[in-house]
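Work through the exercises below with the sequence and the structure open. Try each task before reading its solution.

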Amino acid sequence: MIHAATKGAEASGDSPLATDKAGDPILELRDISLSFGGVAAIKDVSFDILEGEIRAIIGPNGAGKSSILNVISGFYVPQEGRIVYRGARRPSLKPYQVARQGIARTFQSIALFEGMSVLDNVMTGRINHMRSGLLSQALWRGRAEREEVENRKFCEGIIDFLEIQHIRKTRVAQLPYGLKKRVELARALASEPKLLLLDEPMAGMSVEEKEDMCRFILYVNDEIGTTIALIEHDMGVVMDLSDRVVVMDYGRKIGDGSPDEIRNNQAVIDAYLGVVHD
Amino acid sequence: MDNLIFAAEVFVNGLMAGVLYSLVAIGFVLIYKASGIFNYAQGVMALFSALTLVGLMNGQVPFGHLINAIFGTQVHHFGWHLPAIVAIVLTMGVMVALAWIVQRVIFRHLINQEPIILFMATIGLAYFMEGLGDMMWGADIKKLDIGLPQGINTGIDSFTADLFGYGFFIDNLDIVATFIAAGLVVVLVAFSHYTKQGRAMRAVADDHQAALSVGVSLNFIWILVWSVAGFVALVAGIMWGTKSGVQFSLSLIALKALPVLMLGGFTSIPGAIVGGLIIGIGEKLFEFSVGPIIGGATENWFAYVLALIFLVFRPQGLFGERIIERV
Amino acid sequence: MFYREAGDIKTSYVDDGQTFPIRLDRQLYFSALIVAWGVIPFLVDDYWANAVLLPFLIYAIAAIGLNILVGYCGQVSLGTGGFMAVGAYAVYKLMTAMPEVNILIHVFLAGGITALVGVLFGLPSLRIKGFYLAVATLAAQFFLVWLFNRVPWFYNYSASGQITAPERTIFGVVVTGANSETWATYLVCLFFVTLAALIARNLTRGAIGRQWMAIRDMDIAAEIIGVNPLSAKLGAFAVSSFFIGVSGALFFAVYLGAVEVGEVFGINKSFLVLFMIIIGGLGSILGSFAGAAFLVLLPVLLKNVLVGGLNWPTDLAAHLEFMIVGALIVIFLVAEPHGIAQLWRLAKEKLRLWPFPH
């Protein structure tokens with residue numbers, strides 16, 4: 001799309017460390033614990049996400065998957081543990097500062113700006129690439145106008161890629177669910193993230209919509225080289241897409257490894273897969 | 001020593017003012033809990049009910065001025081005087097009718113809207129009712145006397161005179177108002193805990209969907225809640241109307257109750273009571289001690305600034321529930 | 001048939017991003033500007049200026065300001081009256097302290113001072129939301145009015161407690177005080193309205209405007225994708241208060257000439273401007289104009305028809321005005337939360353397809 005592919009396209013996923021495209025850890029969670037007023041949501045969870053991989057987080061409802069993403073986004077502050085991002089320990093940051101470090105995400109229940117057009121939603125994702133001052137914007141001269149056009153071009157590229165050109169001027173509130181999910185991905189991609197967090201990107205979609213979404217995710221990972229962490233309930237999708245999988249249950253990590261390892265992990269089967277595979 | 005005694009008198013007066021603030025604030029809390037509507041019109045409801053009460057007692061012709069202006073007639077009074085208790089019952093009837101109309105015409109169409117839209121709608125409602133009240137009963141200041149005792153309480157005056165050598169000035173009306181307000185709170189709490197409708201009201205407050213699923217009629221509950229709020233407004237209207245006449249400024253008690261709510265939390269009846277007392281006492285003591293130095297009339301803003309500072313540190317108020325945000 | 005975008009093809013993102021992408025809209029806009037700047041100044045008389053035009057223009061500035069905060073950024077404020085008072089008293093102090101400086105500069109400075117005060121009272125918006133914030137802004141309203149009423153320094157220790165605008169000129173033409181030229185006061189207000197509308201439009205279609213709307217539509221998500229809520233919200237408070245301060249300064253210096261703060265800038269002023277943007281349209285510059293025009297014209301109309309035509313007593317007409325305004329607020333919130341501006345948009349949409357709606 002915009003950038004040349006930087007990583008190999010083949011996903012082998014035999015063992016956690018042997019994926020041929022993965023590099024150093026981009027993000028490590030170490031001993032993270034999070035609780036709300038005494039109720040523990042995450043207990044002592046550690047795992048890492050390697051540069052260039054697709055990392056899936058799975059587990060039953062209420063296992064603490066979304067809480068993990070919220071911790072990574074800086075929205076929840078864990079009581080214990082630390083986060084290492086690109087080799088350095090990350091101090092306690094506000095969510096918008098995390099975004100500036102190159103972490104973008106989508107949400108489980110769509111969190112688009114409903115009153116704005118699709119284009120404006122996507123342009124909002126470029127926020128950290130726009131630097132013009134108040135005066136320049138007020139007069140619509142110089143830097144402000146230039147930046148607006150440059151970023152518009154970039155966003156049009158993403159809009160083309162995600163095949164949502166026909167709705168770019170439509171208000172988001174008027175869109176159907178599947179398209180909203182796509183717009184949300186577009187908004188996240190607009191920020192050119194180094195790490196992209198997807199919270200159930202395919203929940204509630206039809207088979208065709210899921211296939212489209214998988215295609216987009218794989219393309220982003222392969223061609224742009226964006227590292228992706230995703231939460232998903234559809235096991236078929238998870239096993240096909242991801243390089244490595246973390247399994248959560250009751251706030252704890254109960255499994256971690258390649259899709260094949262997870263499929264054969266007894267603890268995981270007991271807690272989760274056993275239920276799914278009747 | 002003298003100053004301390006004055007301060008004590010100010011304290012007691014503040015306490016009584018605070019009780020009335022609490023009373024208005026409770027009206028807000030009731031509607032807010034059950035329907036998520038922050039009812040700015042609560043103060044105007046008090047004004048409207050007091051106007052209606054006086055109008056009924058004096059046998060005034062509703063919309064007299066309007067009728068005269070259109071038809072060139074000279075109708076003003078029916079020529080009867082209703083006893084207070086009858087007029088109060090009739091006024092309550094009017095308030096229930098009003099609750100029904102408000103629910104039916106406005107809020108039924110605003111279900112699931114954002115709270116701030118509902119809030120602005122109640123501001124519109126307040127304007128409408130203010131115009132309506134004046135249109136029905138005229139805008140002149142009216143005296144309201146339903147036989148509540150008024151004037152200095154001689155008992156307290158002589159008691160404190162003996163004790164401190166200085167007689168406290170405490171109005172009988174304030175004392176009565178305090179007892180009535182306290183009684184009203186007890187009745188409301190008992191109503192919401194021990195009657196079927198009260199339980200339904202609390203159920204709706206807790207979770208609309210769940211309440212619906214066990215067969216509670218939301219429509220009925222909301223009309224009920226607005227009626228109860230109308231009743232609270234009537235009581236507040238009687239107290240303030242008796243004290244300082246029924247006039248436009250009565251509707252401003254809503255503005256007094258807002259900081260009480262911010263302090264106490266919008267969802268808590270104990271919060272409304274404690275918040276009301278803190279603000280009643282606080283503003284009187286502040287005016288007494290700091291007011292003279294900085295120009296007086298600090299009561300206009302003290303409550304707000306206090307609540308504002310407080311909120312910055314504890315956004316959910318004293319007794320409000322802590323909100324855990326999710327995405 | 002007449003109102004079409006077909007054939008009006010955009011070949012660059014600059015063209016596509018302009019304020020009026022449709023040709024007829026552009027022509028309408030420029031004709032309105034020409035009439036306002038080139039025709040009305042020659043026709044305007046005292047009655048029209050004082051009863052309709054000046055209040056309309058000045059309220060339009062305030063409405064644009066409040067709309068930025070409420071309609072675009074989603075932070076409801078009930079402190080508009082207080083902030084207008086800041087503008088009025090700031091311009092008064094500046095005019096009397098530095099008589100030699102041009103009044104236009106004073107008006108800008110007054111806006112700047114109001115922006116600072118606005119930021120100060122906007123700070124709680126970082127912790128509290130929705131109507132908690134709305135109620136909190138009442139603190140600004142009551143405190144500021146009290147301040148200007150009770151601290152004599154603000155009204156230069158005048159015996160009446162009022163402030164009165166001294167005579168000031170622009171290019172030798174008197175624009176403030178009792179001897180001001182009507183056409184000149186009109187042009188001063190028009191100048192500021194035009195500027196306010198342009199700036200507001202530019203801000204709201206660019207990066208800052210998107211940050212505001214993101215905060216309005218979903219503040220948590222906005223923060224997670226990178227909007228700094230502190231700078232976005234305080235920026236909205238600052239810009240909004242700037243416009244409101246300018247309108248307060250003009251309201252005092254150019255329109256009324258003398259002001260008693262409690263009467264002119266009381267809480268009713270806050271509600272009036274809020275009603276203007278609800279009726280006109282939340283999140284719309286055009287709506288700010290429409291709402292201001294509507295609520296300025298309504299009382300004039302009622303007075304002419306009821307008092308002048310039907311011989312009603314004035315107080316009755318005033319009560320009816322309250323009822324109508326209140327009812328309209330509710331009706332608009334129920335039926336068309338985006339106000340007159342949205343009705344206008346829908347009408348244009350119909351017109352675009354006419355005469356073949358399918």
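The exercises cover confidence, sheets, a helix pair and a chain contact in a predicted model.

**Exercise 1. Confidence in chain A**

Task: State the mean pLDDT of chain A and find which elements have the lowest and the highest mean pLDDT.

Solution:
- Step 1. Chain A has a mean pLDDT of 87, and 90% of its residues reach 70 or more.
- Step 2. Among the elements of chain A, the lowest mean pLDDT, 68, belongs to helix α10(A), residues 266-276, and the highest, 96, to strand β7(A), residues 195-199.
- Step 3. Over residues 1-19 of chain A, pLDDT stays under 50; the model has 35 contacts beyond four places in sequence for this stretch.

**Exercise 2. The sheet of four strands**

Task: Give the strand order of the 4-stranded open sheet of chain A and work out which strands stand at the edges.

Solution:
- Step 1. Begin with β1(A), residues 25-36, and β2(A): they pair in the antiparallel sense over 8 bridges. Here Leu29(A) stands opposite Phe47(A) in β2(A).
- Step 2. β1(A) also pairs with β4(A), residues 80-85, in the antiparallel sense over 5 bridges. Ser33(A) has Glu80(A) of β4(A) as its bridge partner.
- Step 3. β4(A) in turn pairs with β5(A), residues 88-89, again antiparallel, over 2 bridges. The bridge partner of Tyr85(A) in β5(A) is Ala88(A).
- Step 4. The hairpin of β4(A) and β5(A) has 2 residues between the strands, and Arg86(A) takes a positive phi near 50 degrees there.
- Step 5. The order is therefore β2-β1-β4-β5 in chain A, and β2(A) and β5(A) stand at the edges because each has a single partner strand. One side of each is left without a neighbour in the sheet.

**Exercise 3. The sheet of six strands**

Task: Describe the order and pairing of the 6-stranded open sheet of chain A, then find which strands helix α1(A) touches.

Solution:
- Step 1. The order is β6-β7-β8-β3-β9-β10 in chain A, and the pairing is mixed.
- Step 2. β6(A), residues 103-105, and β10(A), residues 252-257, are the edge strands, each pairing on one side only.
- Step 3. On average, neighbouring strands of this sheet are turned by 20 degrees against each other, direction ignored.
- Step 4. Within the sheet, β3(A), residues 54-58, and β9(A), residues 244-249, run parallel and are joined by 4 bridges. Arg55(A) has Arg244(A) of β9(A) as its bridge partner.
- Step 5. Helix α1(A), residues 65-73, packs on the sheet and touches β3, β6, β7, β8 and β9 of chain A. The direction of α1(A) makes about 150 degrees with that of β7(A).

**Exercise 4. A helix pair in chain C**

Task: Classify the crossing of α12(C) and α15(C), and list the residues that make the contact.

Solution:
- Step 1. The axes of α12(C) and α15(C), residues 339-353, come within 3 Å and cross at roughly 20 degrees.
- Step 2. Angles under 35 degrees count as roughly parallel, so α12(C) is roughly parallel to α15(C).
- Step 3. Ile278(C), Ile279(C) and Gly280(C) of α12(C) meet Gly339(C), Ile340(C) and Ala341(C) of α15(C).
- Step 4. These contact residues divide into 4 nonpolar, 2 polar and no charged.

**Exercise 5. The contact of chains B and C**

Task: Identify which helix gives the largest share of the side of chain C that touches chain B.

Solution:
- Step 1. The contact takes 38 residues from chain C and 39 residues from chain B.
- Step 2. On the chain C side, α6, α9, α12 and α14 of chain C each supply at least two residues.
- Step 3. The largest share, 13 residues, comes from α14(C).
- Step 4. The residues of this side divide into 32 nonpolar, 3 polar and 3 charged.

Note on methods: Residues numbered from 1 in each chain as written. Chains lettered and ligands numbered in written order. Predicted model: local features only at pLDDT ≥ 70, side-chain atom pairs only at ≥ 80, totals over all residues. Contact = placed C-beta atoms within 7 Å. Nonpolar A, V, L, I, M, F, W, Y, C, P; charged D, E, K, R; others polar. Pairing = 2+ DSSP bridges. Axes fitted to C-alpha atoms, helices over the stretch in contact; angles between N-to-C directions. Parallel < 35°, antiparallel > 145°, perpendicular 65-115°, else oblique. pLDDT = per-residue confidence, 0-100.
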